[in-house]
Amino acid sequence: MAALFVATVLCGFAAATVGAIAPARVRTPCTVWLTVVACGGGFAVAARVMATGRPVRIVTDHLLPLSGLTLVLDRFGALFVAVSAVVAVCAMVFRLGYHGHGLSSRTASCVLPLFVTTLLLVPAAADVTTFLFCWELMAVTSLFLVLVDHRLRPEVQSAGQWYAAMTQLGAGAILLGLVLLASRSGGQSFVAIAAAAPHLPAWVRGMAFVLVVLGFGSKAGAVPLHVWLPRAHAEAAGPVSALMSAAMVNLGIYGIVRVGDGLLHGGPTWWWLLVMAVGALSALFGALHSATSRDLKRLLAYSTTDNMGLVLLAVGASGLFASTGHPGLSLLALIAALLHVVFHAAFKGCLFLSTGSIHQATGTRDLDHLGGLLQRMPVTGTIFLVGGLGMAAMPVLCGFVSEWLLLQSMLHGLPSKDPTIAVTMPIGVGVLALTGGLAAFTVVKAAGIGLLGLPRSAGAADAREVGTTLSAGAGVLAVLCILFGVVPSLVIPTVADAARSVLGRPVADPLGAGWEVGLAGVHDVLAPGLVALALLALVGALAVVRRGLAPGRVRITEAWGCGRELQTARMEYTATSFGEPLTRVFEDVLRPSHDVDVSHIAESRYYVEAATVHTSLDDAFERRFYDPAHRYLQRWGALARRVPNGSVHRYLAFGLVALVVVLVVVA
Amino acid sequence: MRFGVLRRHLRRTAVPIEPVADAAESVRGTAVRLRGSLQLRHVDAGSCNGCEFELASVFSPVYDAERFGIGLTASPRHADGLLVTGPVTRNMAEPLRRTFDAVPEPRIVIALGDCARDCGAFRGAYGVEGAVGDVLPVDVEIPGCPPDPETIVRALRGLAGS
């Protein structure tokens with residue numbers, strides 16, 4: 001298996017090399033298929049590890065200076081490798097038919113396979129240097145991919161700057177946290193840290209954990225470190241945003257669980273309360289912004305923040321249960337978290353890819369310019385709808401199972417005697433309920449405005465169904481959404497093994513396998529397969545009843561518009577108007593601003609020439625925290641720029657002063 | 001109070017209403033069989049508002065056609081038919097066709113007033129396309145300029161069978 005994993009990584013690098021040197025004609029198919037082969041290899045290794053539980057180990061003393069390279073792929077890491085591999089295969093197949101966004105350039109063709117390879121490498125890294133190397137490589141390659149289009153659109157530059165700043169700050173926090181642990185443990189391999197962790201002083205453990213949560217949280221898009229996510233995910237090309245949103249953000253969760261549960265073996269209650277608070281805040285904030293966005297990709301990006309928030313909520317609940325002596329519930333919550341990571345990858349990948357198709361077919365991703373797409377692009381529209389229902393956690397689709405498990409784990413914590421649990425779990429349940437409602441609202445908006453009704457722009461009116469590769473890439477993930485939702489037992493045992501391997505505690509399996517998902521010792525069971533059958537039977541019965549009751553002929557006429565002669569798309573509901581009531585309710589958080597601009601004709605102020613309305617919502621954290629910080633830094637930067645003014649005399653003086661300072665310090 | 005008692009009480013004290021008039025002279029006979037309920041969408045195709053005035057009385061407390069199960073709906077989608085007043089002007093011809101198209105089948109068209117029947121005083125005017133019968137298949141005609149509320153109520157009751 002180790003040989004296959006090495007071959008996989010080499011294949012990924014080969015794809016990158018081919019992308020850099022091959023002529024433009026064959027560049028895209030060569031890199032894509034080599035990357036698909038690499039992902040296939042990665043999936044095979046991960047599947048083997050998950051099936052047998054024997055880790056794959058690759059250790060060399062070369063490759064990386066001073067430390068060598070240590071890769072150990074265990075069950076927990078293998079889960080993330082498998083998820084990334086499946087998403088990457090779909091994204092690469094999608095990429096074959098995807099034009100635009102400058103993805104065919106030499107740089108992008110080289111960097112995209114590299115990015116995919118690092119996604120497979122990060123969960124296998126088993127010492128601090130290897131991990132940080134792979135992590136940085138992943139961050140930098142994804143930054144390149146966000147920036148490929150920067151010459152054409154100024155908003156890409158801003159997205160790239162935000163992403164670069166946030167990812168580097170995050171990487172810095174991770175570096176500090178891991179180095180702090182490594183320096184106190186007498187070894188930089190994860191095994192050494194895990195062995196020494198119980199004997200470390202509490203402040204070291206606590207500080208390292210907080211730093212690591214900051215760093216990985218920024219990658220997972222956790223509020224308040226999420227600001228880069230709606231920008232970068234929205235501006236990146238379709239397949240790249242799918243990879244980032246369905247595979248890369250997962251690694252933030254991976255990092256928190258790996259360090260918190262795997263290396264530090266859990267910790268005091270306040271760690272997990274912190275994680276839960278961050279998760280709850282992200283879930284609510286993300287869901288709210290996603291429900292009020294009108295840019296389709298921005299909406300999906302905020303929904304990623306929302307879903308990663310739910311995962312963090314589950315991770316925090318798991319840690320809290322462990323620290324208060326409920327190992328069974330702790331495992332259950334962690335299973336719910338990992339399951340949501342897997343299912344989120346399926347539906348969000350599907351949604352981002354089908355949004356890429358919509359963008360390619362219509363030239364816009366503004367919901368207020370879309371409409372009528374289900375009729376014009378039936379395949380893409382259906383795929384989007386399936387992904388959307390998964391995102392809204394509707395039964396029989398995958399999102400439902402994981403959110404149900406999370407809800408169950410939190411509800412079963414309620415009889416606990418522990419006051420912390422008695423206070424936090426009801427809040428967690430409330431957050432889950434509210435975000436679930438907001439997610440359903442978001443999906444109704446995205447599908448109702450984007451897919452139904454009349455087209456609101458010429459681009460949407462002329463939209464044609466996209467090619468097979470685009471539909472295939474997104475369609476596979478849509479099929480997975482349904483499959484996982486109907487037969488969750490396909491993945492639940494694997495995920496449970498992964499969760500158990502990172503907790504490192506032998507806990508009895510709390511979940512029954514087979515058609516039903518049941519909790520040990522509890523009477524609640526979920527049988528999605530039976531629900532699906534019942535649903536099919538109901539739909540069939542309704543169809544029969546309808547045929548029996550309908551008086552024969554069906555006449556299809558125009559929608560009733562008061563007999564108007566002109567019925568245009570401008571009379572339709574828009575995404576902005578759909579979200580308006582919600583915006584009004586949450587005015588304090590969203591701070592909507594309206595700008596009405598009326599110009600009059602020159603002769604008389606009684607006649608209006610044109611009226612335009614601009615509405616915008618801003619991000620509270622950006623306004624309150626990032627903008628002042630940005631202004632402050634800019635002011636100091638401007639001051640600092642005055643110091644080196646080009647005068648040679650001044651530079652010589654600097655040299656002299658520096659020498660004197662060094663001499664004084666050394667003496 | 002038991003239901004039977006209430007029913008007896010109602011029977012004893014109910015408002016005496018006129019018997020169903022023989023509305024045959026104004027009803028040509030329609031494809032629709034109604035049993036005590038008639039919901040109509042009113043379209044003013046170019047009327048002088050005289051018919052509207054009388055129509056308002058029909059649903060006023062004095063004549064109160066609602067007690068016979070006759071009502072005006074807000075949307076043709078909910079209606080059994082159209083109640084058209086006035087001659088059909090050029091501007092209203094297309095909206096009238098569209099409204100008719102929006103009524104589910106089987107449907108009734110009632111031409112209310114002389115103008116709706118044969119353009120009345122507006123016959124030959126430059127803005128008039130024709131009578132309602134020239135635009136839509138009319139099932140029932142109610143004559144009068146304007147028809148008084150009793151006539152309208154009698155005709156509609158005859159149609160609704162209430």
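Five residues of chain A are in contact with 10 residues of chain B. On the chain A side of this contact, one residue is nonpolar, two are polar and two are charged. The model is predicted, and the predictor assigns the complex an ipTM of 0.75 and a pTM of 0.86. For chain B, the mean pLDDT is 86, with 86% of residues at 70 or more.

**Chain B as a whole**

Chain B contains six helices and seven strands. Their order along the sequence is α-β-α-β-β-β-α-β-α-β-α-β-α. Of the 162 residues in chain B, 38% are buried. Among contacts in chain B with a separation of 6 or more, 84% are between residues 24 or more positions apart.

**The sheet**

Five strands of chain B form an open sheet in the order 2-1-3-5-7, and their pairing is parallel. Which strands stand at the edges? They are strand 2 (70–72) and strand 7 (140–142) of chain B; each has a single partner strand, so one side of each has no neighbour in the sheet. From one strand to the next, the twist averages 30°. In general, the strands of a sheet pair through backbone hydrogen bonds, and the pairing is either parallel or antiparallel.

Strand 5 of chain B has pairings with strand 3 and with strand 7. Strand 3 (residues 81–85) and strand 5 (residues 108–112) of chain B run parallel and are joined by five bridges. The pairing of strand 5 with strand 7 of chain B is also parallel and extends over three bridges. The table gives some of the residue pairs involved.

| Residue in strand 5 of chain B | Residue opposite or bridge partner |
|---|---|
| Val109(B) | Leu82(B) |
| Leu112(B) | Thr85(B) |
| Ala111(B) | Glu141(B), in strand 7 of chain B |

Is strand 5 of chain B enclosed or open? Five of its five residues are buried, so strand 5 of chain B is largely enclosed by the rest of the structure. Its side chains are divided between two directions: Ile108(B), Ile110(B) and Leu112(B) point one way, while Val109(B) and Ala111(B) point the other way. All of these residues are buried. Val109(B), which stands opposite Leu82(B), and Ala111(B), the partner of Glu141(B), thus appear in both the table and this list.

**A helix in chain A**

Helix 25 of chain A covers residues 648–666 and has 19 residues. From its first C-alpha to its last, helix 25 of chain A reaches 27 Å, close to the 27 Å expected at 1.5 Å a residue. How many of the residues of helix 25 of chain A are buried? The number is zero of 19, so this helix lies largely in the open.

Ala653(A) is one of the residues in helix 25 of chain A. Why is Ala653(A) classed as exposed? A residue counts as exposed if 12 or fewer other C-beta atoms lie within 10 Å of its own, and Ala653(A) is exposed because it has 11. Ala653(A) and Leu73(A) are 580 residues apart along the chain, and their C-alpha atoms are separated by 54 Å.

Methods:
Residues are numbered from 1 along each chain as its sequence is written. Chains are lettered from A and ligands numbered from 1 in the order in which they are written. This is a predicted model: local features need pLDDT of at least 70, side-chain atom pairs count only at pLDDT 80 or more; totals for chains, interfaces and linings use all residues. pLDDT is the predictor's confidence in each residue, from 0 to 100. Two residues are in contact if their C-beta atoms, placed from the backbone, lie within 7 Å. Ala, Val, Leu, Ile, Met, Phe, Trp, Tyr, Cys and Pro count as nonpolar, Asp, Glu, Lys and Arg as charged, and the others, Gly among them, as polar. Two strands pair if DSSP finds at least two bridges between them. Helices (H or I, at least four residues) and strands (E, at least two) are DSSP runs, numbered from the N terminus. Axes are lines fitted to C-alpha atoms, for helices over the stretch in contact, and angles run from 0 to 180 degrees between N-to-C directions. The expected span of a helix is 1.5 Å times one less than its number of residues. A residue is buried if 20 or more other C-beta atoms lie within 10 Å of its own, exposed if 12 or fewer, and partly exposed in between; C-beta atoms are placed from the backbone.
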